[in-house]
Amino acid sequence: AAQESLGGCLGGRAAPKSRTRTSGRLAERRVASKSVPMGVVELSTDAARAIAALPGDLHLDKLETLSAEAAALLADRPKGGLTFRGIRSLPPEVARALVRTPGSLGLDGLESVSPEVAEILAHRTGGLSVGRRREVSHPALLDRLVKRDGLRGVRTLPDDVFTTIAAMPGDRTRDGLQTLTDRQAELLGRHEGTLSLNGLTTLSDEAARSLLGHRGPLKLAGLRDVSNQPLDLILQHEHLGPAWSAS
């Protein structure tokens, strides 16, 4: 009720910030001032309808829940992406609405993904990220995320996924990986492009030799436990050497 009153009587004054946005009129005030409600944790359908008028990407990183109706209003904008870092789980009806987003879709706060939701997300054609996920058991979703570099926090991957990564040139971030087998390192050594593996802390001599043959910038900021032989290779590496010598 207070939000509705403020929405109707503010005149030329700016709308106040709040963590809940239930009044469409107050949300319209924020939109009129080109203000994106980044700190909002609750969003009504009327408020979502007003916010959907904002151009470009929307970062609603504090939002904790979202109704299917509000999700549809945000997703059906003609262009622009959506990012949610505070939403921990998605009901299927919300997932079905969000996958229509024309721009990138960031769901990096997801902690649980049901098989039904995983199937819905797996068929999204645009950009998709679930960076907080440490593992993905759904094969189709895993394949989708690997190919779009949307699973940066994963800790373990089957060997066939490393084969896929090796065959796809371009930037790849796998900072969640904490260990690599010799076989996995050999596969990654075939990749061409920027490869970030900052979560690795140790490498065997054989794995280091394979990985350091990688064609392109290689990031190993977390590496600490290596023997003298791989360390020599690191110091000679075109991209790693200068950084390691300086540190």
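What is the volume of the largest pocket? In this predicted model, the largest pocket comes to about 150 Å³. Its lining is made up of Val113, Ser114, Pro115, Ala118, Arg133, Glu135, Val136, Ser137, His138 and Leu141. Sorted by class, that lining holds 5 nonpolar, 3 polar and 2 charged residues. Two of the names in the lining, Ala118 and Leu141, turn up again below, since Ala118 is one of the buried residues of helix H6 and Leu141 is one of those of helix H7.

Stepping back to the whole chain, the secondary structure adds up to 12 helices and 9 strands. Of the 247 residues, 48% are buried. As for how far the contacts reach, take those between residues at least 6 apart in sequence: 24% of them link residues at least 24 apart.

Now for the sheets. One open sheet is built from 4 strands, in the order E3-E4-E5-E6, with parallel pairing. At its edges sit strand E3 (58–59) and strand E6 (128–129), each of which pairs on one side only. Strand E5 (residues 105–106) runs parallel to E6 and is joined to it by 2 bridges. Within that pairing, Gly106 sits opposite Ser129 of E6. Strands in a sheet are held to each other by backbone hydrogen bonds, and the pairing can be parallel or antiparallel.

A second open sheet has 3 strands, ordered E7-E8-E9, and here too the pairing is parallel. Strand E7 (172–173) and strand E9 (218–219) are the edge strands; each has a single partner strand, so one side of each has no neighbour in the sheet. E7 and strand E8 (residues 195–196) run parallel and are connected by 2 bridges, with Arg172 taking Leu195 in E8 as its bridge partner.

What about the inside? The largest nonpolar core counts 63 residues, and the ones with the most contacts inside it are Leu66, Leu74, Phe84 and Leu211. Helices H3 (45–51), H4 (68–75), H5 (92–98), H6 (115–122), H7 (139–147), H8 (159–166), H9 (182–188) and H10 (205–211) each put at least two residues into this core. H6 gives the largest share, 5 residues. Leu66 shows what such a residue touches: leaving out residues up to four places away in sequence, its contacts are Leu43, Ala71, Leu74, Phe84, Ile87, Val94 and Leu98.

Three of these helices are worth a look one by one. In H4, the buried residues are Ala70, Ala71, Ala72, Leu74 and Ala75. They pack against strand E2 (42–43), H3, E3, strand E4 (82–83) and H5. In H6, burial falls on Val117, Ala118, Ile120, Leu121 and Ala122, and the cover over them includes H5, E6 and H7. H7 buries Leu141, Leu142, Arg144, Leu145 and Val146, which pack against H6, E6, H8 and E7. As a general point, an α-helix makes a turn every 3.6 residues, so residues three or four places apart point the same way. Just after H7 comes Asp149, whose phi is positive, near 55°.

Asp149 also comes up as a contact of Asp171, a residue in the loop between H8 and E7. Setting aside neighbours within four places in sequence, Asp171 is in contact with Asp149 and Thr194. Is Asp171 buried or exposed? Its relative accessible area is 53%, and the bar for exposed is over 50%, so Asp171 counts as exposed. Asp171 and Leu195 lie 24 residues apart in sequence, while their C-alpha atoms are 6.0 Å apart in space. Leu195 is also the bridge partner of Arg172.

Another loop residue, Ser44, sits between E2 and H3. With a relative accessibility of 17%, Ser44 falls under the 20% limit and therefore counts as buried. Along the chain, Ser44 and Ser67 are 23 residues apart, and their C-alpha atoms are separated by 8.0 Å.

Technical notes. Residues numbered from 1 in each chain as written. Predicted model: local features only at pLDDT ≥ 70, side-chain atom pairs only at ≥ 80, totals over all residues. Heavy atoms only, no water. Pairing = 2+ DSSP bridges. 1 Å grid on protein atoms, 1.4 Å probe; cavity = no way out; pocket = protein on both sides within 12 Å on 5 of 7 lines; lining within 4 Å. Points joined across faces, edges and corners; volume = space filled by probe spheres on them. Nonpolar A, V, L, I, M, F, W, Y, C, P; charged D, E, K, R; others polar. Core = buried A, V, L, I, M, F, W, Y, C linked by side-chain atoms within 4.5 Å. Buried < 20%, exposed > 50% of the residue type's maximum accessible area, 1.4 Å probe, protein only. Contact = heavy atoms within 4.5 Å.
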